[in-house]
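Reader: I would like a close look at a single part of this protein, its nonpolar core. Please set that part against the rest of the fold.

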Amino acid sequence: MFVPTSYALGVVMALCALVCWGSWSVTLVLATSKAVMPFQLYYTNFTVSFLVTGFVVGLLGGSLGSGGEMYDFHTPFLQEISGTGHSGECYVWGMLGGVVWNLANILLCKGISMMGNAIGFPLCVGLGMVTGAIVAYVQDPKSNLTFLVPGVVVALMGICTVGFLSYRKDKEAEFRRQASGTSDESSEAESGETSGAADSGPEQIDVEVPAKAATAPGMIRKLVVCILGGLLLGFSNIGVGKATSEPCLLSPYANQFHFSVGVFITSLVMLPIITSFPIEGGESSQIARVFRGYRQVALRQHLLAILGGFILCMGFFFFNLGNKSMNLTVSYCIGQSAPLVGILWGTFFFKEFAGTSEKVWGLVPVVCLLFAGAIVLIAAAG
C-alpha cells in the first residue's frame, strides 16, 4: 500500500489536493453554462465518476507500493472495505463525512452558478477551510498554533476580501444595467415621437408584453447558500477525522471509498429534492422530466462531468494521503486554500472580471496574496 512517509512528500500530496480541489469546478461551469447541460445530469455523471474513482484508485493504491506498513496498514484494500479489522461504526463515520461534504458541495455548485467561479468558489471553500481547520484541530491538536492561527486569520481576511469584491462587482453591474436601460428608453422615446408624427390616425395598437422572466436570486440568498455550504464543508472533517484516527484507523484508501459511497447515497436523495425545490429559486420540475433529456446532451458535456468527478475524488485521495505524514489540520488547510486556484481560473480562463474597473479587478491580486500567505503559514504549522 502506497502511503507517503516523509513530511515533504505529504506537502506535495496536499498541494496536489489544492490543485484538484481548485480545478474541478471548471468542468461544472463549462458543462452547465448557457443551460447546455442541466445541473442534475451533470451531478449524476459526476457522482458516478466519483464513486468509480474511489474504488479503482483505492484498489490500485491500496494494493501496490509501500509505506503503509509504517502506519500499520497491513490489510489488503478489498478485505478492509469488506469489514476486516474494523467495526461497522468506522465505516459509518467514513460515509458520514461523504454525506455532509456532498450536501456542502451541492450548495457550492449552486453558489458558483449564482456568483461565478471567481467569487462563489472562494467564498464557500474559504469559509470551509476556516471551519474545517477548527474542527480538525479539536480532533487532532498537533499543529503549532503560532503559525496555524495567523494562517487561518489571513485566510479569513481573504474570504472577507472576496465578499467585498463580490459587492463591488455587483454594484458596477447594476450601474451598467441602469445606464443601459436609460439609453434604451431614450432611443425608444425618440422613435415613438417620429412614428407618431408620421401617423395621422388616432388609433392606438396594444402590444402584448411578454411575461417577465424569473428574477435573479438576490445577494442575501447567494450569501446564505455559500456560507451554509462553507460551514458544512468544514464539518465534514468530523467524519473523516473519526474514521482515520484511533480506534478506527481506516487506511486512506478505505476511508475514501466509504466517503465516496456516502456521496453517492446523498446524491440519490438530494437531486430529486433540489429539482422540486430549486435552491437558486425559479420554477420547480420533476427529476424524471429532467432525465428524459439525458441522451440529447452532447458527449463533450458528459465527459466534462465525468472528468469533474475524477479530479475531485483524486483531490480527496491526495488529502487523505497527506494526512498521514503531516496531520489532518495542516493537510486540510493547504488543500482548502483551493480558492487561490479557483479565482485564477475565474479571472484568466473565464474572464469574469472583464469590463470591470480597477476598483474591482485590482482586488484580485490582494485575494491571491492573502490565500498564498495563508498556505505558507499553515504549512509551517506542521
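Author: The largest nonpolar core has 104 residues. Trp-24, Tyr-42, Phe-50 and Trp-101 have the most contacts inside this core. The model is a predicted one.

Take Trp-24. Leaving out residues up to four places away in sequence, Trp-24 touches Tyr-42, Phe-46, Asn-105, Leu-108, Cys-109, Phe-121, Gly-308, Ile-311 and Leu-312. One of these partners, Tyr-42, is also on the list of residues with the most contacts inside the core.

Now the wider setting. The protein has 382 residues, and 51% of them are buried. Its secondary structure is 15 helices and zero strands. Contacts reach far along the chain: of those between residues at least 6 apart in sequence, 86% join residues at least 24 apart.

Helix H6 spans residues 120–139. Of its 20 residues, 16 are buried, so H6 is largely enclosed by the rest of the structure. From first C-alpha to last, H6 reaches 28 Å, close to the 28 Å expected at 1.5 Å a residue.

Turn to the outside. The accessible surface comes to about 18000 Å², and carbon and sulfur atoms account for 66% of that area. A nonpolar patch of about 590 Å² lies on the surface. Its members are Val-48, Val-52, Phe-55, Val-56, Leu-60, Leu-64 and Leu-78. Helix H3, residues 39–61, supplies the largest share, five residues. Leu-60 lies in H3. Its relative accessibility is 49%, so Leu-60 counts as partly exposed; the cut-off for exposed is over 50%.

Key. Residues numbered from 1 in each chain as written. Predicted model: local features only at pLDDT ≥ 70, side-chain atom pairs only at ≥ 80, totals over all residues. Heavy atoms only, no water. Helix = DSSP H or I, 4+ residues; strand = E, 2+ residues; numbered from the N terminus. Expected span 1.5 Å × (residues − 1). Buried < 20%, exposed > 50% of the residue type's maximum accessible area, 1.4 Å probe, protein only. Patch = residues over 30% accessible without salt bridge, like charges linked within 9 Å, V, L, I, M, F, W, Y side chains within 5 Å. Areas by Shrake-Rupley, 256 points an atom, 1.4 Å probe, with all protein chains shown as cover. Salt bridge = Lys/Arg side-chain N within 4 Å of Asp/Glu carboxyl O. Core = buried A, V, L, I, M, F, W, Y, C linked by side-chain atoms within 4.5 Å. Contact = heavy atoms within 4.5 Å.
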